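This report looks at charged side-chain pairs and at the packing of one helix. The sequence and the coordinates come first.

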Amino acid sequence: LESITLLCGEAITEARTDEGIGAAVFEGIFEAHYKRVYNFCAYRINNRHDTEDLVSMVFEKVIAKYSTYRPSGVPLEAWIITIAKNVVNDYFRHKKKRACIPLDFVNDAAVSATDSQPEEIFMTRENNAALMRALNALTEKERTIVAMKFAASLKNVDIASIMSLGESNVGAIIHRSLKKMRRVLEGEES
Amino acid sequence: MRNLEDLLNNTDFSQDRKKKEAIKAMLLNSLKREEQENQARGGISMKKIRARPYAVAVAAAFTVCVLIAACGEDIAKAVQQFTVGRYAVYFTSDDAINNSYASDAEQVKQLEAESGISMSVGFSKALLSYEAEIESEKGKVIYFDTINDVKPYLAFNPLMPVALPTGFALDRISLYCDENGRPLPLGSNMYLNVYYTNVEKTQQIYMQLRLMNEETAYSSGSKDMRYISINGQKGVVDDNIVNVEIGGVMYMIMTGRAESVTQNDVIKMAESLR
């Protein structure tokens, strides 16, 4: 089971999950999906420390629920992002602090890339800040869908399934969201 | 002007490799600890519930109602749910045969499907001999001679039984260790293993103490389980197990490898926790 899963990487199609998850399988899944889960959470909450906690919680739930995952259903990445979406929703429900979340990715994220040059760090900080300001212009639903599309690299069909929307509706929301975000960036330049 | 597509396609907030490795190590440790715990639990396997137990209880109760409605009295008899404290849920089945909980497992899968919450039912497996068990613990646990020696490492204050079944004495006390074979930091251990054996070491009583919280929550299964009151504290009992939560700590006394010990002996042992 573990070797099949690792060989197939993200495209686990035949592996059985009934017996739960072993360390090797989990490590493979973690490596394959950490980036998308982290960025999805970061797009949604923009708080470094809380994002790290949420990422841990997402993968804890992946471990706990892996035996219920059916490869013949949704792709694994969509299943994991569904878990991430619920974890983030719980976070907002319990903390109710979206309005006062600091923009600390702006300051921290670039610094943590230790092999970056000062100029790169500066540019990364600026870009992160611009992206977050643009994301702040979106509604929660738009932000979730943009996060699924760009941070988690999901296909529109999978986003539609997770959000219980039509595929064309997802495309329209993404188009409208990008327009809003572009307007924010244009406003900053003028 | 910044290109939005570039920002969206090239921004990666997850570049802190040290943090990534730390999260991965923490999760792997947790996974390994769970596996070790299952092995060391005297043949009874358990799986943690990561969800909030009261959510499990509500979901499970709801689903049992659905099952009853769908299938009539047979299922109602087959699955019973017991809760002890906030973080432990047990299922029992009338038709479990030879301590095999296969039928429970099927029904728990239905509960999982309905509730979306992951849970698992305990199952018995071949019990190890004393020597094989000691061998299986190598590198996974650290031994202590006395309860006072281990106390500083615990996240709780342990109670120990004053009354033991005739012929049994303390054999060993252990904590799970980290991947380097070292004990977890002082005051942080949420699990304690205590073993009592007869002189010949052919029989053994295993007691696990577990500080109950969301991280240590679990579900388990049994053949014939019922509620019991131990000094006013709610617990459950079956042929081989007494589980009771006292002061937020679950005391799980198991006699899977102690044929001479009766259920009454184990209840007396639990009642003597001081």
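The text below takes the salt bridges first and then turns to the helix.

**Salt bridges**

The model is predicted. Over all chains, the structure holds 14 salt bridges. Three of the pairs are listed here with their N to O distances.

| Basic residue | Acidic residue | N to O distance |
|---|---|---|
| Arg44(A) | Glu140(A) | 3.5 Å |
| Lys24(B) | Glu21(B) | 3.7 Å |
| Lys201(B) | Asp171(B) | 2.6 Å |

In chain A, Arg44(A) and Glu140(A) form a salt bridge, with 3.5 Å between the closest N and O atoms. Arg44(A) belongs to helix α2 (residues 23-45) and Glu140(A) to helix α7 (residues 140-151), so this pair ties together parts of chain A that are 96 residues apart in sequence. Arg44(A) has a relative accessible area of 2% and is buried, whereas Glu140(A), at 37%, is partly exposed.

In chain B, Lys201(B) and Asp171(B) meet in a salt bridge at 2.6 Å, N to O. Lys201(B) sits in the loop between β6 (191-197) and β7 (204-211), while Asp171(B) is part of strand β5 (residues 169-176); the pair therefore ties together parts of chain B that are 30 residues apart in sequence. Lys201(B) is partly exposed, its relative accessible area being 31%.

The pair Lys24(B) and Glu21(B) is placed within a single helix: both residues lie in α2 (residues 17-40) of chain B, three residues apart, or about one turn of the helix. In general, an α-helix has 3.6 residues a turn, so residues three or four places apart point the same way. Which of the two counts as buried? Lys24(B) does, at 8% relative accessibility. Glu21(B) is partly exposed, with a relative accessible area of 40%.

Lys24(B) and Glu21(B) also belong to a network of salt bridges, which links them with Lys20(B) of chain B and with Glu27(A) and Glu31(A) of chain A.

**Helix α8 of chain B**

Which residues of helix α8 (residues 263-271) of chain B are buried? They are Val266(B), Ile267(B), Met269(B) and Ala270(B). Viewed down the axis of α8(B), the buried residues fall within an arc of 155°, so they line one face of the helix. What do the buried residues of α8(B) pack against? Their partners in chain B are the strands β6, β7, β9 (226-230), β10 (233-237), β11 (241-246) and β12 (249-257).

How values were computed
Residues numbered from 1 in each chain as written. Chains lettered and ligands numbered in written order. Predicted model: local features only at pLDDT ≥ 70, side-chain atom pairs only at ≥ 80, totals over all residues. Heavy atoms only, no water. Salt bridge = Lys/Arg side-chain N within 4 Å of Asp/Glu carboxyl O. Helix = DSSP H or I, 4+ residues; strand = E, 2+ residues; numbered from the N terminus. Buried < 20%, exposed > 50% of the residue type's maximum accessible area, 1.4 Å probe, protein only. Arc of directions from axis to C-beta. Contact = heavy atoms within 4.5 Å.
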